[in-house]
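Me: I am new to this structure and would like to understand the reasoning behind the terms used for it. Could we go through them one by one?

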Protein chains: 2
Amino acid sequence: MDVNIRKLRDSTAYWMKKDGPLSHIIISSRIRLARNIKNIPFPFRATDEQLLTVIEKVEKILKENKEFYGFQIIKLDNLSPVEIEFLVEKRLISFTLARFSKPYRGILYNTDETMSIMINEEDHFRLQSMLPGFQLKKVWEIINYYDDKIEKEIKYAFNEKEGFLTCCPTNAGTGLRASVMLHLPGLIISNKISESINTIIKQGYAVRGFYGEGTEFQGNLFQISNQVTLGLSEEDIINRLEISIKQLIEKEQKAREKLIIQAKHKIEDQVMRSYGILTNAKIITTAEALNLLSYVRFGIEMGIIARIGYDVINRLMLIVQPGYLQLIKGQNMKKMQRDTVRAELIKEILD
Amino acid sequence: MDVNIRKLRDSTAYWMKKDGPLSHIIISSRIRLARNIKNIPFPFRATDEQLLTVIEKVEKILKENKEFYGFQIIKLDNLSPVEIEFLVEKRLISFTLARFSKPYRGILYNTDETMSIMINEEDHFRLQSMLPGFQLKKVWEIINYYDDKIEKEIKYAFNEKEGFLTCCPTNAGTGLRASVMLHLPGLIISNKISESINTIIKQGYAVRGFYGEGTEFQGNLFQISNQVTLGLSEEDIINRLEISIKQLIEKEQKAREKLIIQAKHKIEDQVMRSYGILTNAKIITTAEALNLLSYVRFGIEMGIIARIGYDVINRLMLIVQPGYLQLIKGQNMKKMQRDTVRAELIKEILD
């Protein structure tokens, strides 16, 4: 196993282990910036040599700038399929990077995973910063700081009219996508989720599941992000998204307050049954685990369960995934074996 | 609350608290004898005075015979509906006795509930003996002993041709009904239960649920009893029933052995999930509790759960019932409250 993968397996990202503002509804806030180097074709069109140049430039920055002292680089070419799956599950890399068939793909990240850069994805660089709870402005400060550092070393593809140039035109301009991961069991149980989601979509935002684009909704988790990257300043994009998210938080809050009055016992029952199954089952799929963990998290959010922290649930929501599980056990496993090992692991951590 | 009801509430019947032969499949063995006093009409036709005579005769026997020193008598006329429901749930009295609208109904029983006599049900006396596990012959010895004692004091309605006379002609002859309560999760899970039950029915036996005649199957429990009471000796009835039950035990045993080979993990999962729900749910109905308890019992039978005894499950299967619950709490409760109190009680006992 790659030594850095091993370290990542055993460490916990900051966004998972610490609470943030409104952690009882918001899991995490994330911003990514798409950047490309001037005069090098986008990765899909670049030659292997050009892709190598991109990664070498990153390695140079890493060596020569004290701001990057705490960072590590992992080159995907050296990894097994399970290790790559693990990085996707950890939300450090995208499906696109995982599946890209060209060489010299990489990921640069600091130890608490608050800041990372995908190398040679759709764009040369995809900077990403992520914090727990609802704090997009703080995330923006971090990513902006590193973006400035890189810009001092590398000439970005940029022009006054279109802003930052990107492989996909929908990312051009700021190249910024801000997203927030929300836990909305209250709206789900009250059958108000479709209505709330439709409002968000009408406001021009994208709504996605736990794993991002094209994935199903699992564990009552929703990722909401801006679609428009052009014609607005970074601050405007973030401010507008914040307003919409605040409306959604309020709806979820109201739904929960109503549930506590009208269906306290039923909620407690649902939460405790979920906990009971998680701590006793011998076979459990990823999808079931995520849904049950969502209810346990809801129990924490509602004050029904006190002795488990959000950090435990966040960590469990990651390690129940197939790649993570196989890394932990250090072996490839078939579905049935994974379902058994997953059940053991959940029991161990929750007990 | 009636003082004897309180004692019954706080004590546990011998058949519930001790294991018997083949306790891993057979819950209990029971025999009842229908008896009537010569020259007194059957209870449906008797006057109040005649019914009083019947119960007075029992009280006389109780006082004057050392064999009945350990027995208590409860007169149903003094009981609340919940107390009567409780006696049905405890299997000391039948629905028929509970619902009979005439006075002077009663139940005579010894403290470990191995022997009891319903007074003024369909027949003047319904003797009943019950032991844990598969031991009909031992049950027969006990009930026969008490039947002989009573016969010395009372002239039974009997003639050489028809044997003992009973209210319902289907009981005439020996007046004997032997029944065995079986726990058959193996056949249920393997989808072989209908076939097995049909064989038993074709052999001339009746198959009933947990509460006897006209009740649904719950908790994978089946009561099997003889239909024919006339033209065979008591020993023949018991021997023949034993043979059929042994065939059924063998089928259940085979089904379990096959499951352990083919679906060990799935069974463990089902058992442990049931345990997890029982020890965590906040709301639980009687039917769900019985089904989950059945799986926990199956776990004990299969060696999956070691720290819980059959006595605990047997006791739980009784006290989850509505009447028992209300007696324990000393108050009438609506369904929702019962479902909540039931969940608390199960958790308390299993923890």
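Reply: We can begin inside one chain, where, in this predicted model, 21 residues of domain 1 of chain A are in contact with 18 residues of domain 2 of chain A. The two parts are residues 3-183 for domain 1 and residues 254-350 for domain 2, and their centres, taken over C-alpha atoms, are separated by 29 Å.

Me: How do you know which residues of domain 1 of chain A supply the most area against domain 2 of chain A?

Reply: The area buried between domain 1 and domain 2 of chain A is about 1800 Å², with 57% given by carbon and sulfur atoms. Of the area that domain 1 of chain A buries there, A:Met16, A:Glu89 and A:His183 supply 35%, which is more than any other three residues.

Me: What makes up the interface of domain 1 and domain 2 of chain A in terms of salt bridges and polar contacts?

Reply: A salt bridge needs a side-chain nitrogen of Lys or Arg within 4 Å of a carboxyl oxygen of Asp or Glu, and across this interface of chain A the rule finds zero salt bridges. For polar contact, the rule finds nine residue pairs between domain 1 and domain 2 of chain A, both residues being at pLDDT 80 or more. On the side of domain 1 that touches domain 2, at least two residues each come from α1 (3-10), α2 (14-17), β1 (26-35) and α4 (81-89) of chain A, and α4(A) gives the most, with five residues.

Me: Why is the pair of A:Glu64 and A:Lys60 called a salt bridge?

Reply: The closest N and O atoms of A:Glu64 and A:Lys60 are 3.3 Å apart, and the cut-off is 4 Å, so the pair meets the rule. Both residues lie in helix α3 (residues 48-64) of chain A, four residues apart, about one turn of the helix.

Me: Which salt bridge joins B:Arg273 to chain A, and how do you know that it counts?

Reply: B:Arg273 forms a salt bridge with A:Glu288, and their closest N and O atoms are 2.8 Å apart; this distance lies within the 4 Å limit, and therefore the pair counts. Between chain B and chain A the count is two salt bridges, while the structure holds 42 over all chains. Helices α10 (264-278) and α14 (335-350) of chain B are the elements that give two or more residues to the side of chain B that touches chain A, and α10(B) gives the most, with nine residues.

Me: What makes up the area buried between chain B and chain A?

Reply: The two chains bury about 1500 Å² between them, 63% of it on carbon and sulfur atoms. B:Arg273, B:Asn280 and B:Lys282 supply 37% of the area that chain B buries against chain A, more than any other three residues.

Me: Why are the two copies said to be related as by a two-fold rotation axis?

Reply: Chain B is superposed on chain A by a rotation of 180 degrees with 0.0 Å of shift along its axis, at an RMSD of 0.0 Å. The two copies are therefore related as by a two-fold rotation axis. In chain B, the C-alpha nearest the axis belongs to B:Gly276, 2.1 Å from it.

Me: How do you know that the same surface serves both copies?

Reply: Of the contact residues of chain B, 100% recur in chain A, and the contact itself joins 17 residues of chain B to 17 residues of chain A.

How values were computed
Residues numbered from 1 in each chain as written. Chains lettered and ligands numbered in written order. Predicted model: local features only at pLDDT ≥ 70, side-chain atom pairs only at ≥ 80, totals over all residues. Heavy atoms only, no water. Contact = heavy atoms within 4.5 Å. Buried area = accessible area lost by both parts, 1.4 Å probe. Domains from an automatic or database assignment. Polar contact = N/O pair within 3.5 Å; in protein donor to acceptor, adjacent residues only side chain to side chain. Least-squares fit on C-alpha atoms with pLDDT ≥ 70 in both.
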